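Student: Please take me through one part of this model in detail: the surroundings of the ligand. I would like a connected account rather than a list.

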Amino acid sequence: MAYQTALSKYLALCEKYAALMLPGFFNFPSAGEDIPEDLVMDFGEFVEKYDLQAAVPKLWDSTVMGVGDFLKVPTLYVMQASGLVMARAMLGQSRAMVPSSGNLHELYERVAELLGDDVLYNSIVVGCSRNESGVSVRVKHRDGNETEIVAKRLLVAFEPSPVAMAVFDLDEEEGEVLGKLSFSSVYAGLVQHPSLKGFNSWTNTLPGAPGSNYSAYPLPAQVGKIGHQPGGGEDLFAFTAIGTQEDNDESMQALISGSIENMVKAGTVNGSNGTTAFPYFANHGLMHSRVSREELRKGFIARQNALQGRRATWYTGAAFSAGFSTILWAYNEVLLPRVIEGL
Ligand SMILES: Cc1cc2nc3c(=O)[nH]c(=O)nc-3n(C[C@H](O)[C@H](O)[C@H](O)COP(=O)(O)OP(=O)(O)OC[C@H]3O[C@@H](n4cnc5c(N)ncnc54)[C@H](O)[C@@H]3O)c2cc1C
């Protein structure tokens, strides 16, 4: 099939550049000519250059929709969103493992047991001071009480957005580098509406889009997918929706309700009176961090890498690696020995 040929070609390109970006940007060139033009160019140009058009709808449908206007985003970031690992999976070339218990949460439950009281659940960092010899982090609990953690080193393990980092006492270089990142926001959950019935699934597309025009995709905010949730009865549906950096739970819930109304108006589903309910609604926050091609050429990745260890602070997570759990684990295997070196 055409998409398999195109996807195989895309996979070969991801493999070519894998050492520069997986499990993180440890080996990424500093600046200028050493940075491959393929990774810096907009993904739309990359698709044209290598005739990958037939693979694009599949990539979009997997995880690339999360990037938003992905054809105008440097290829590097699209590959981080759906690259080597995802292409191999879509081509049936990767293996999956599940615990013998069948419980996919088991790993996290066992880690929670191991760490015990050392984890402060349902808390948020509200203040921080850092210097080369150590950090002090103030954490607020749900009941309003606070705990101060004094440590030799800090590992930041969430998307370093300006809002999230505001309390981390950033210096000028940290503020400038992290301030260049832009994001999309991703929402997922369960939705019910009397008009959504049966074992159906819908993907958002624009009129005239694939297969006649591979380059037309909805931009955020948009509801990427609504599909029947297996095991949930005929009226339970899962959704994935992509917002801008400015969206929030309310704006996205209104968007999803409006999208269902549009599906009724367009005759995509048969209309039945009623309201939209969200049995489960998860705001996964800001994801798919990225900078412009100009910043990449100027050596943004080297500046980002140079933050590792600055003022006793280290970073893991998708912004420094890629947004997949397995890749992040591999990244941490490399990073953690560096974090504790010399302690
Ligand atoms: C709908 C959806 C489906 C996905 N499916 C898959 C999949 O099938 N396979 C896969 O590999 N990946 C999947 N991913 C991607 C994967 O979930 C992420 O890449 C991964 O969770 C990122 O891990 P992380 O540890 O970097 O950050 P997170 O998992 O986001 O963890 C960051 C944590 O830090 C907390 N936090 C944030 N700010 C603060 C603060 N100021 N103080 C204290 N705590 C804070 C957050 O509450 C959160 O618990 C999916 C993502 C989404 C949204």
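Tutor: A residue counts as near the ligand if one of its heavy atoms lies within 4 Å of it. The model is predicted. In it, 15 residues surround the ligand, and the closest are Val125, His284, Gly317, Gly323 and Ser325.

Three of these residues can be described through their backbone atoms. A backbone N or O atom of Ser325 lies 2.7 Å from an oxygen atom of the ligand. For Gly323, a backbone N or O atom is 3.0 Å from a ligand oxygen atom. Val125 faces another kind of atom: here a backbone N or O atom lies 3.3 Å from a nitrogen atom of the ligand. As for cover, the ligand taken alone exposes 1,000 Å², and the protein buries 49% of that.

The elements that give two or more residues to the shell are strand S1 (123-131), strand S5 (182-192), strand S9 (277-290) and helix H13 (325-340). S1 gives the most, with three residues. In terms of domains, at least three shell residues come from each of domain 2 (113-181 + 291-315) and domain 3 (183-288). By residue class, the shell divides into ten nonpolar, five polar and no charged residues.

Since S1 gives the most residues to the shell, the sheet it belongs to deserves a closer look. That sheet is open and has three strands in the order S1-S2-S3, with antiparallel pairing. S1 and strand S3 (146-151) are the edge strands, each pairing on one side only. From one strand to the next, the twist averages 20°.

The pairing can be followed strand by strand. S1 and strand S2 (residues 134-141) run antiparallel and pair over eight bridges. Within this pairing, Asn131 stands opposite Gly134 of S2. On the other side, six bridges join S2 to S3, again in the antiparallel sense. One of the residues involved is Arg138, whose bridge partner in S3 is Glu148. S2 and S3 form a hairpin with four residues between them, and Gly144 in the turn has a positive phi of about 95°.

To put the two parts together: S1 is an edge strand of the sheet, and S1 also gives three residues to the shell around the ligand. Val125, one of the closest residues to the ligand, falls within the range of S1, 123-131. Ser325 falls within the range of helix H13, 325-340, and has a backbone N or O atom 2.7 Å from a ligand oxygen atom.

Technical notes
Residues numbered from 1 in each chain as written. Predicted model: local features only at pLDDT ≥ 70, side-chain atom pairs only at ≥ 80, totals over all residues. Heavy atoms only, no water. Polar contact = N/O pair within 3.5 Å; in protein donor to acceptor, adjacent residues only side chain to side chain. Areas by Shrake-Rupley, 256 points an atom, 1.4 Å probe, with all protein chains shown as cover. Nonpolar A, V, L, I, M, F, W, Y, C, P; charged D, E, K, R; others polar. Domains from an automatic or database assignment. Pairing = 2+ DSSP bridges. Axes fitted to C-alpha atoms, helices over the stretch in contact; angles between N-to-C directions.
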